[in-house]
Amino acid sequence: MNRVTLPFRAGTRALAAALLGAASTAALAAEPAAMIAAAKRSPAPPWPAGDERGMANTLGPITTQRCAWHMAQPRARVYEASQLRSNTMPKSPFAGPGGTLPKATAGVPFSAHAFNSEVLQAEAEPGQQGTQLDALGHFARIKNPWDPKGAFPADEAVYYGGFTQKDVKPTPDSPLLKLGIDKMPPLITTAVLLDARAFVGKGQAMADGQIVTAAHVQGMLKAQGLDKRGILPGDMVWIHTGWSERWKDPAEDNGYYAMAPGLAVDAAQWLAGKRIVAIGLDTPFIDAVAGGMLQGKAPPAPGTPPGLPFAIHHHMLTEFGIHHLENMNLAAMANDKVWTSCAMVLPPRDKGAAGAAIRPVAIGVPNQR
């Protein structure tokens, strides 16, 4: 009997160990219940008069503790969420080139040193190229749609918090005196990744002009096992649409910067109600842009208010004080099912800048359920 029983028991133990090992490769996406419950104590608007931080006011000990929990997981990995920057990467048609020009190797007189450096290309706008972040002062609203036959009425502009053009940028050559990149804190908080390529695109990259609605967001939370956790105050929300599959270096004439899928107005409003600190997509606009829209040959996305074709920029930046992260690289995180993580976005403190090149990173455990 021992000849039969012992091998059988050994095989059973091996099978159990294998099953346990397989189970251990999956990780919980949500933080402990006490940390989720603590989010109820997060700061909420209205913010004090003169506020320049927007929803970044939600950051603090509660979000830091959530972040620390993700970093402390034994199987946590670091993920790059930015595209590699180069002179040949895709470039925005709305900004000057963002590349650099190498300088010749130079020396220090009477020393044995040699050093290398670069200069920016002429008319470069690095803060608006590649993976980048929009400051709250990047967008404003004027009273009526502008007819380009006349001068642009910049003096009418009203920014987040009711700041006027005189407050923010009193002269054409002035940096942003309010709402610049230098006024935002480091974004160190939990990121929730939503896989719209899988859920909305049914396994294919979303199409130009296609929108991610509030219903889609709620559906993705459920599909990814996050419906009980939900979106918490101070979260960043990153959405993988698959559009980044068109990001090629050297750049190709494949329409990457001419059109893109994006967020629906109702999704922007729903997420703002959850008090997120930033929204990031693997697209150049965050807004949905159908092919031909930039040339006036196609209408804005459904639900867009009249006169505000870039309504997501308006709602997120100008109304709610929520930062934009554009041209993100989220494929690796989506492939590994890293639905929640500790994310860090630290732009340079360029005084009065309206945007900044960024290198967002996330620390999270793969194979979350």
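1. Let me start in the interior of this predicted model. Thirteen is the number to remember for the largest cavity: 13 residues line it, and L263, D287, A301, T304 and I312 are the ones that lie nearest its centre. The space inside comes to about 70 Å³. With the threshold set at 30 Å³ or more, the count is 1 cavity. Rolling a probe the size of a water molecule over the atoms shows where empty space is left.

2. A301 deserves a look of its own, as one of the residues nearest the cavity centre. It is found in the loop between β11 and α8. Is A301 buried or exposed? Its relative accessibility is 15%, so A301 counts as buried, the cut-off being under 20%. Apart from neighbours within four places in sequence, A301 is in contact with I211 and A288. The C-alpha atom of P233, 68 residues away along the chain, is separated from that of A301 by 27 Å.

3. Next, please turn to G262, which sits in strand β10 (residues 262-263). G262 has 0% relative accessibility and therefore counts as buried. Once neighbours within four places in sequence are set aside, its contacts are Q210, I211, V212, L281, I286, D287 and A288. I211 and A288 are also the contacts listed for A301, and D287 is among the residues nearest the centre of the largest cavity. For one of these contacts there is a C-alpha separation as well: G262 and Q210 are 52 residues apart along the chain, with 6.5 Å between their C-alpha atoms.

4. Helix α8 (residues 311-320) is mostly covered, with 8 of its 10 residues buried. Those are A311, I312, H313, H314, H315, M316, L317 and T318; I312 also appears among the residues nearest the cavity centre. Which elements help to cover the buried residues of α8? They include β6 (132-134), β10, α7 (265-273), β11 (278-281) and β12 (323-326). After the helix comes G321, with a positive phi near 70 degrees.

5. On to the nonpolar packing. The largest nonpolar core has 73 residues, and M236, W238, L263 and I279 have the most contacts inside it. There is a second, separate core of 11 residues, which includes W247, Y256, M259 and F285. In soluble globular proteins, nonpolar side chains tend to be buried together. L263 is worth displaying for two reasons: its place among the residues with the most contacts in the largest core, and its place among those nearest the centre of the largest cavity.

6. The structure holds 1 disulfide, formed by C67 and C342 with their sulfur atoms 2.1 Å apart. The torsion about the S-S bond is about 90 degrees, so the disulfide is right-handed. What does this pair tie together? C67 lies in helix α3 (residues 61-71) and C342 in strand β13 (residues 340-345), so the link joins parts that are 275 residues apart in sequence. Both cysteines count as buried: C67 at 2% relative accessibility, and C342 with a relative accessible area of 0%.

7. Some backbone details are worth checking by eye. Most residues other than glycine have a negative phi, and most peptide bonds are trans. A cis peptide bond joins P45 and P46, with omega about 10 degrees; P46 lies in the loop between α2 (33-38) and α3. Another cis peptide bond joins D249 and P250, again with omega about 10 degrees, and P250 is placed in the loop between β9 (236-240) and β10.

8. Positive phi values also turn up outside glycine. For E123, phi is near 60 degrees; this residue is found in the loop between β5 (118-120) and β6, and its relative accessible area of 70% makes it exposed. For K202, phi is near 55 degrees. K202 is found in the loop between α5 (196-199) and β8 (211-212), and at 69% relative accessibility it counts as exposed.

9. Finally, a word on confidence. The protein has a mean pLDDT of 92, and 93% of its residues reach 70 or more. Where does the pLDDT fall below 50? It does so over residues 1-24, a stretch that has 3 contacts in the model beyond near neighbours in sequence.

Terms used: Residues numbered from 1 in each chain as written. Predicted model: local features only at pLDDT ≥ 70, side-chain atom pairs only at ≥ 80, totals over all residues. Heavy atoms only, no water. Helix = DSSP H or I, 4+ residues; strand = E, 2+ residues; numbered from the N terminus. Buried < 20%, exposed > 50% of the residue type's maximum accessible area, 1.4 Å probe, protein only. Contact = heavy atoms within 4.5 Å. Disulfide = S-S within 2.5 Å. Core = buried A, V, L, I, M, F, W, Y, C linked by side-chain atoms within 4.5 Å. pLDDT = per-residue confidence, 0-100. 1 Å grid on protein atoms, 1.4 Å probe; cavity = no way out; pocket = protein on both sides within 12 Å on 5 of 7 lines; lining within 4 Å. Points joined across faces, edges and corners; volume = space filled by probe spheres on them.
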